Amino acid sequence: MSDVLIENARIVDGTGAPWFRGAVAVAGGTVDTVYRGPAPDTDAATTIDVDDSIICPGFVDTHSHSDMELFDDPTLSPKIRQGITTEILGQDGFSMAPMYRDGGAEEWSKQLGALAGRVDTEWTWGSVGEYLDAVEENGIGPNVGILVGHGTVRFNVLGMSDDAPSEAELAEMADLVTEGLDDGAVGFSTGLIYTPCTYAETEEVRELASRLGPYGRPFVAHVRSEGRWIWDALDEFVDIGDEEGIPLHLSHFKVAGRMQRGKADRAIALVEAARERGVDFTAEQYPYTAGSTILSAVLPPWVHADGPDRTLEYLQDEDARERIVRDVEEWRIDGWENIGALAGWENVVIANVESAANAHREGMSVREIATERGVEPVAAICDLLVEEELSVSISLHMMDEDDVREILGYERVCVGTDGLFGGKPHPRVYGTYPRILGHYVRGENLLTVEEAVRKMTSLPARAMGLDRKGVVRAGMDADLVVFDPVTVDTQATFENPRRYPKGIEHVMVNGEFVVRGGETTGELPGRAVRQ
């Protein structure tokens, strides 16, 4: 007997093959049978007629920042409502484990509050395995996997210091990577525009990434530059993959800033050249012309080198401020991804703050805030970061739509949200996947529905080594989405980002409904994915 039978559906199985009409039976948390055409008389506890809607695998978000948010909102409703059934945490070098440094949890939380969220949760874990245990004990709507973060292992050994590690310190960092992989982490990540990762020389990155070799798991990177120095940054990444023989996955594939506008084809050619060299290279993209990150990322790297408390002191020191202004406005630091100057202050928009006093500034650009306060933009940034104790997130409008379209159409690119919660977030937190299905599939015919679904399901599952996910097939995990191809679309905008999509009718995780009839059920059937 099946638990659930979903019938009268168009089945898009995730492989990219054309849809067919049929039914899907679910039993014991897995796909039991896929029927072509009407299902024979089947004894099922629940039968749902979806009236020719599409059923497909659950979407795999290869770039999530729900690491701490999931303790506060374990349903992760903004994600499951758009069809996401699996999230990959520990992005950009920032994982919440391993964490063994004395007092490290408090300092790490302060450093990353705007990225991972400041949640009133006691850190009961040290290892990656213990973190995943804590997630499951708390309950979780979607499945979650974790990458071991470069910044995290560096912080454990060196704190926020910009010093190069000694041979013994590097070995200690590398052993933490191996420990995390043994605990089931799906790969290793770095964010080379963020401190402390940005302090690392190539040899440090290579040594840590080399620990992936015996496991066959991916090295996931936000490379050193997506703008002014993007070509050197991509070369560094590809060379590490080639020399160490490890899979590569490029986070949020883009060409950013005016100087790189129109060069998506060159970036794609570089990826193809890497694959010709024998490098297993995949990438992900969010379908918007604006990015999102923490406001403190616009500061020069040296400002962060002595920890968050010292950063706050620098931001209030007149001499340090003058140095910050010159570093930013004059581009004095070679190789540093100066994202504020790259985007332009009119295009850097505040997404979230912690205090009620500054809540009205959510949705305002840095230039608008500077004008309101009667100061220069960098001074306004310093003041706001001090007032909010660094916990400010931003959206950056710095890509061209033609480049976004070209990268989205590239066959090796899958989809990720890269969404930060709270305040007035980037609309991708609520609308990434339905935007693709509504705008780029139905509205612009850039992709077929089968290709779009492949980019959201089997391709990211393959990139992250999730062998039981991403395809509607007997024996696979019953992570499923039912959507209406005629109405599916995002309703989230930059002006009103906290709006759920339309047309996502049902979402199932491990055979249980987390969304039914377009509403969350409150069920928490998700599991930690341990490799």
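**Working through the fold, step by step**

L390 sits in the loop between α14 (377–387) and β15 (393–397); helices (H or I, at least four residues) and strands (E, at least two) are DSSP runs, numbered from the N terminus. This is a predicted model, where local features need pLDDT of at least 70 and side-chain atom pairs need 80 or more, while totals for chains, interfaces and linings use all residues. Numbering starts from 1 along each chain as its sequence is written, and side-chain values use heavy atoms, without hydrogens or water.

**Exercise 1. Work out what is unusual about the backbone at L390, and whether this residue is buried or exposed.**

Step 1: check phi. L390 has a positive phi, about 80 degrees, yet L390 is not a glycine. Most residues other than glycine have a negative phi.

Step 2: check the cover. L390 counts as buried because its relative accessibility is 4% (buried is under 20% relative accessible area, exposed over 50%, partly exposed in between, with a 1.4 Å probe and protein chains only).

Step 3: set N8 beside it. N8, another non-glycine residue, has a positive phi near 55 degrees. Its place is in strand β1, and N8 is partly exposed, with a relative accessible area of 35%.

**Exercise 2. Find the residues joined by the cis peptide bonds at P98 and P196, and place both prolines.**

Step 1: take P98. A cis bond links A97 to P98, with omega about 0 degrees. You'll find P98 in the loop between β7 (84–89) and α3 (104–116).

Step 2: move on to P196. The bond from T195 to P196 is cis, with omega near 5 degrees. P196 belongs to the loop between β9 (187–191) and α7.

Step 3: recall the background. Most peptide bonds are trans.

**Exercise 3. Say how many salt bridges the chain has, then trace what the D52 and R10 pair ties together.**

Step 1: count. There are 34 salt bridges, each a side-chain nitrogen of Lys or Arg within 4 Å of a carboxyl oxygen of Asp or Glu.

Step 2: look at the pair. D52 bridges to R10, with the closest N and O atoms 3.5 Å apart. D52 is in the loop between β4 (44–49) and β5 (54–57), and R10 is in strand β1 (residues 2–11), so the bridge ties together parts 42 residues apart in sequence.

Step 3: compare the cover. D52, at 21% relative accessibility, is partly exposed, whereas R10, at 18%, is buried.

**Exercise 4. Place the partners of the R530–D133 and R154–E204 salt bridges.**

Step 1: start with R530. The closest N and O atoms of R530 and D133 are 2.8 Å apart. This pair links distant parts of the chain, 397 residues apart: R530 in the segment after β20 (519–520), D133 in helix α4 (residues 128–138). R530 is partly exposed at 33% relative accessibility, and D133 is partly exposed too, with 41%.

Step 2: now R154. R154 pairs with E204, with 3.0 Å between the closest N and O atoms. R154 lies in helix α5 (residues 150–158) and E204 in helix α7 (residues 202–209), so parts 50 residues apart in sequence are tied together. Both R154 and E204 are buried.

Step 3: add a network. R468, K469, D477 and D479 are joined into one network by salt bridges that share partners.

**Exercise 5. Sum up the whole chain: how many helices and strands, and what overall span?**

Step 1: count 18 helices and 20 strands.

Step 2: read off the span. The C-alpha trace covers about 80 × 50 × 45 Å along its principal axes.

Step 3: finish with the cover. Of the 531 residues in the chain, 65% are buried.
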